[in-house]
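Hi there,

Here is the structure I promised to pass on to you. Have a look at it first, and then read on for what turned up.

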Amino acid sequence: MNYSRYLTAVSLARQPSALRKLTAIQNAGPPTLITLATGAPNSTLFPFHEATITLKDGSSFKLSDSLMTAALQYGPTPGFTPLVKWLKGLQQRLHNPPTLTRPGPEGGLDLVVTTGSMDGLAKAFDMLIKPGDNILIDTPTYAGTLSALHPLGCNFLDVQTDHCGMVPDALRNKLSKWTPGDSKKADSDIPKVLYTIPNGCNPTGASLTESRKREIYKIAQEYDLLIMEDDPYYFLQYTDSPAPSFLSMDVDGRVLRFDSFSKILSSGMRVGFVTGPAPLIERVQLHMQVSVLHTSSMSQVMLFKLFDMWGDDGFKEQVKRVKTFYSQQKDIMIAAAEKWLTGLAEWHAPVAGMFLWIRLIGIEDTKSLIEEKAMSKEVLLAPGYVFLSDPNEKTSYIRASFSQATPEQIDKGFERLASLIKEELAAQGK
Ligand SMILES: Cc1ncc(COP(=O)(O)O)c(CNc2cc3ccccc3n(O)c2=O)c1O
């Protein structure tokens with residue numbers, strides 16, 4: 001893979017921070033090294049002494065001495081080293097990426113801890129997308145991604161999706177304006193990046209089947225595309241056998257995978273991680289060196305201690321607890337939809353995630369219904385237009401989240417929604 005082809009001028013211009021290099025030399029140096037080089041503050045002045053974190057099951061762990069110092073001090077840009085090691089082991093166990101051991105300057109696989117997966121996405125877009133670029137993207141898709149991309153001035157090549165995710169034929173159709181050979185021409189405007197949310201898509205709840213993933217990966221090989229696999233709902237697949245990831249089939253080193261602990265451990269700790277080809281991960285790290293420096297040391301140390309205490313079995317038990325809860329919430333929302341929305345709306349039951357994508361029958365544009373009228377019924381949902389690359393496009397869809405509402409609230413919320421829809425249809429003379 002020729003990774004420089006994908007990089008923006010801004011990303012190519014990024015150089016390693018001299019001070020961060022000094023820190024790396026210092027960290028690698030012998031204990032006898034006397035350093036007067038770096039400007040890290042004296043941690044003996046920090047007022048925090050130790051912390052005990054107690055979990056809901058009554059177990060606990062303590063942060064003290066060297067761990068507390070690490071939690072309070074600057075750390076390596078790639079992430080807290082013991083956590084990075086644990087995460088690389090997790091990726092090997094879950095995805096067994098074919099490029100894991102690929103030698104050579106193109107490098108194998110690398111990983112960087114980011115401040116939530118959103119931070120990783122934003123830095124990857126900055127690395128890959130320049131004004132005027134064509135980007136292939138799920139439609140509808142995550143509003144945060146659209147907000148990150150719009151200011152970059154790219155052209156959205158919306159690829160149709162259904163309840164099984166991106167439609168490979170629709171992807172081929174979008175690419176039919178070019179030939180695979182165009183990817184070899186420096187002056188071609190052929191797309192270089194494909195962004196997709198493979199599991200429990202936000203907002204549709206759709207999950208790509210394995211066969212579709214393999215077909216999409218083959219298309220990416222033909223047209224030399226990078227795949228941005230934005231997968232924060234990977235651990236929210238209700239099945240006991242999660243679908244193989246793009247990373248697990250990435251024989252070329254063309255997948256950048258974005259993971260997050262927001263949905264299974266804590267959204268406020270802001271810990272995500274990007275896994276992908278070393279030359280691309282290096283660019284993300286160079287950007288981090290001049291933005292956040294590194295993800296919060298406290299968050300990383302806390303997670304490392306949690307994983308160290310849990311072991312693999314403990315982590316798997318937490319994932320099982322989380323996906324069982326969301327599967328139950330999904331069932332509750334589907335039951336409420338069947339009870340209140342039958343005849344008024346259509347939907348597909350998701351197999352992952354926390355969202356239900358609902359088409360309101362007879363209502364061409366849900367924007368005003370949701371933003372102006374829904375509050376009169378004291379029910380709030382997400383209007384479908386916020387998930388479209390053209391916010392002026394009309395859509396009959398709304399997104400309902402089953403992540404936080406109680407079963408009673410979900411039932412009452414859909415009862416209110418049904419009343420709202422009926423009043424709207426009556427007002428339209430339908
Ligand atoms: C597909 C996809 N990719 C990346 C992210 C970011 O996750 P993180 O940075 O790892 O925490 C997300 C998070 N999505 C949302 C977040 C959110 C936060 C406050 C309020 C509302 C929110 N709604 O509605 C969301 O959908 C996502 O769905």
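Let me start with a question: is Cys201 buried or exposed? Cys201 is buried, with a relative accessible area of 4%. Please keep in mind that this is a predicted model.

Cys164, by comparison, counts as partly exposed, at 21% relative accessibility. As for disulfides, the count comes to 0. The sulfur of Cys164 has its closest cysteine sulfur in Cys201, and at 12 Å that is too far for a bond. A disulfide needs the two sulfur atoms within 2.5 Å.

Next, the interior. The largest nonpolar core has 62 residues, and those touching the most other members are Phe261, Phe307, Phe315, Leu341, Ile358 and Phe414. Helix H10 gives the largest share of this core, with 14 residues. A second, separate core of 30 residues includes Cys201, along with Phe125, Leu146 and Met288.

If you would like one residue to zoom in on, try Leu341. Beyond its neighbours within four places in sequence, Leu341 is in contact with Ala336, Trp347, Ile358, Phe414, Leu417, Ala418 and Ile421.

Finally, the largest pocket. Its volume is about 430 Å³, and 15 residues line it, with Leu55, Lys56, Leu265, Trp310 and Gln318 nearest its centre. The lining is made up of 10 nonpolar, 2 polar and 3 charged residues. Helix H10 (residues 297-340) appears here too, supplying the largest share of the lining, 6 residues.

Enjoy exploring!

Best wishes

Notes
Residues are numbered from 1 along each chain as its sequence is written. This is a predicted model: local features need pLDDT of at least 70, side-chain atom pairs count only at pLDDT 80 or more; totals for chains, interfaces and linings use all residues. Side-chain values use heavy atoms; hydrogens and water are left out. Buried means under 20% relative accessible area, exposed over 50%, partly exposed in between (1.4 Å probe, protein chains only). On a 1 Å grid over the protein atoms alone, a cavity is a set of points where a 1.4 Å probe fits but cannot get out, and a pocket is an open set with protein on both sides within 12 Å along at least five of seven lines; lining residues have an atom within 4 Å of a point. Grid points are joined across faces, edges and corners, and a volume is the space filled by probe spheres set on the points. Helices (H or I, at least four residues) and strands (E, at least two) are DSSP runs, numbered from the N terminus. Ala, Val, Leu, Ile, Met, Phe, Trp, Tyr, Cys and Pro count as nonpolar, Asp, Glu, Lys and Arg as charged, and the others, Gly among them, as polar. A nonpolar core is a set of buried Ala, Val, Leu, Ile, Met, Phe, Trp, Tyr and Cys residues joined through side-chain atoms within 4.5 Å. Contact means heavy atoms within 4.5 Å.
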